[in-house]
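Got the viewer open? Here's a short walk through the model, one selection at a time.

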Amino acid sequence: MVTDDSRRLIPRTDRLMELPAVRHARQRLNDRVVRSLIHTVQSEARSGSLSPGDVESAVVAAVESTGSLQPVLNATGIVVHTNLGRAPLSSGAVNALIAASGYVDVELDLTTGRRSGRGAAARAALLNACPAAEDALVVNNGAAALVLATTALAGGAGVVISRGELIEIGAGFRLPELIESTGARLHEVGTTNRTHVDDYAEALGSNAGCLLKVHPSNFRITGFAASVSVRQLRPLADAHGVPLVVDIGSGLLAPDPRLPDEPDFASVLDAGADIAIASGDKLLGGPQAGLILGTRKAVSRLARHPLARALRADKLTLAALEATVVGQSTPTELSLAGDAGRLRVRAERLAAPVGAEVVEHDGRVGGGGAPGVPLAGHAIALPESVAPFLRTGNPAVLPRVHDGVCLVDLRCIPENDDERLGNAIAAALHEQAVGSRES
Ligand SMILES: *Cc1c(COP(=O)(O)O)cnc(C)c1O
């Protein structure tokens, strides 16, 4: 029963607005938002689902958890984790983002005072890093790059693609549907496991607008399989006068010996692609972006298409991308390079105080890159029931839960976060112990 007396105990809005933690949150939240959070908590107390004595702490919790995406320590060992926003930005890219957040010369030449090409600096950085490309264009993401390339180059004619490359990229989005969504027609050739040069040749005889090759980045076909390389497709494209577009997926600028099956811009362009496409926030380690590198002629056809305006990258992306390409090793690069011995030393240092065990644990590239390539390392093994407490702790930690064990892999955690991680593990173990005593 909620009595009038207990209702009178519910703290008033003005008092709650002045609580120190609420005043602090009001530096980033406006009064309308704060009052609305307060009113929600007060009505819970009026309805009896919250005791008046808990109103203050509930309001503080509500304002503190409102506002932004929450930073997470990625303890999964998966370097490019789609659910965690893929690549974390380098400090250089973060600084560039902040610098670009005000007025900037994104489309202006300050020496002449005239309008300039948008994102000229990001374009120059990409061309400098990948001399095999004559021109570059940056759009919103990899999917946008693919839609723009196939729409601008194929027009109403067919996009010729192998059945082995009709992939789903995640969250139910399928490349074939994406391409067809703008009116392009797909002309599928070959079979799921085997496609030959002749299959392409046959298709190119009829109304073909472009040849598309997609790196099947998130799965592998092994066994009785065959596909046609970019180098083999080049003469076919020439013979039929159609452009050759290659979606490499992950955005390596040059070959990486650790990832031998992962295509890269330089090799694909050398092999004869007119257009190569990748995401900016996978192995390149930059912001979400669609990178389009290729011949001057093909890139300019894309840049002039009306869709290019709808898909263009914003100034923040351009700034962070440029800083990523010209900067030092990205966090993604450092995580990939994480040394198994060093990961073990760090894991043991954190495991010892809580009496946990360290086990061998392979990390993954993730983000649909290099499926099946293990990254040798180590993880702290904790009881599975600790995982929810790690996720909801401060800082939030995302472990990997596998075979009934909660694994904390340090590969993707910068070493200077080890102390925070250690504290988070101790706190989560404590909460879990309290929880199991109470139940
Ligand atoms: C990831 C990926 C895409 C989609 O790129 P987004 O940047 O996520 O839009 C397209 N093609 C391939 C081969 C990919 O790996």
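**Start at the ligand**

Select S279 together with the ligand: a polar side-chain atom of S279 sits 2.7 Å from one of the ligand's oxygen atoms. Keep in mind as you click around that this is a predicted model.

Now add A143. Here the backbone does the work of the pairing: one of its polar atoms is 2.8 Å from a ligand oxygen. Next, bring up the side chain of R86, where an N or O atom is also found 2.8 Å from an oxygen atom of the ligand. If you turn on a surface, see how wrapped up the ligand is: on its own it has 380 Å² of accessible area, and the protein covers 93% of that.

**Widen to the shell**

How many residues surround the ligand? Select the whole shell and you'll get 13, the closest being A143, S217, D247, S279 and K282. Colour them by type and they split into 4 nonpolar, 6 polar and 3 charged. To see where some of them come from, highlight α8 (142–154) and β11 (244–249), each of which contributes at least two residues to the shell.

**Hop to D281**

Go to the loop linking β12 (275–279) and β13 (290–294), and pick out D281 there. Is D281 buried or exposed? With a relative accessible area of 7%, D281 is buried, because anything under 20% counts as such. Show what D281 touches beyond its close sequence neighbours (up to four places away): V80, R86, A87, G286, P287 and Q288. You've already met R86 in this list, as the residue whose side chain comes to 2.8 Å from a ligand oxygen.

**Over to M17**

Now select M17, in helix α2 (residues 13–17). M17 is buried too, at 3% relative accessibility. Setting aside residues within four places in sequence, the contacts of M17 are V22, R23, R26, D31, V34, R35 and I38. For a sense of distance, draw a line from the C-alpha of M17 to that of P88: the two are 35 Å apart in space and 71 residues apart in sequence.

**Zoom out**

Finally, show the full chain as a cartoon. You're looking at 19 helices and 18 strands, with a C-alpha trace that spans about 85 × 55 × 45 Å along its principal axes. Of the 439 residues, 46% are buried. Among contacts with a separation of 6 or more, 73% join residues 24 or more positions apart. Switch to a surface for the last view: about 21800 Å² is exposed, with carbon and sulfur atoms supplying 51% of it.

Terms used
Residues are numbered from 1 along each chain as its sequence is written. This is a predicted model: local features need pLDDT of at least 70, side-chain atom pairs count only at pLDDT 80 or more; totals for chains, interfaces and linings use all residues. Side-chain values use heavy atoms; hydrogens and water are left out. A residue is near a molecule or strand if one of its heavy atoms lies within 4 Å of it. A polar contact is a pair of N or O atoms within 3.5 Å; within protein, one must be able to donate a hydrogen and the other to accept it, and residues adjacent in sequence count only if both atoms are side-chain atoms. Accessible areas come from the Shrake-Rupley method with a 1.4 Å probe; for residues, only the protein chains shown count as cover. Helices (H or I, at least four residues) and strands (E, at least two) are DSSP runs, numbered from the N terminus. Ala, Val, Leu, Ile, Met, Phe, Trp, Tyr, Cys and Pro count as nonpolar, Asp, Glu, Lys and Arg as charged, and the others, Gly among them, as polar. Buried means under 20% relative accessible area, exposed over 50%, partly exposed in between (1.4 Å probe, protein chains only). Contact means heavy atoms within 4.5 Å.
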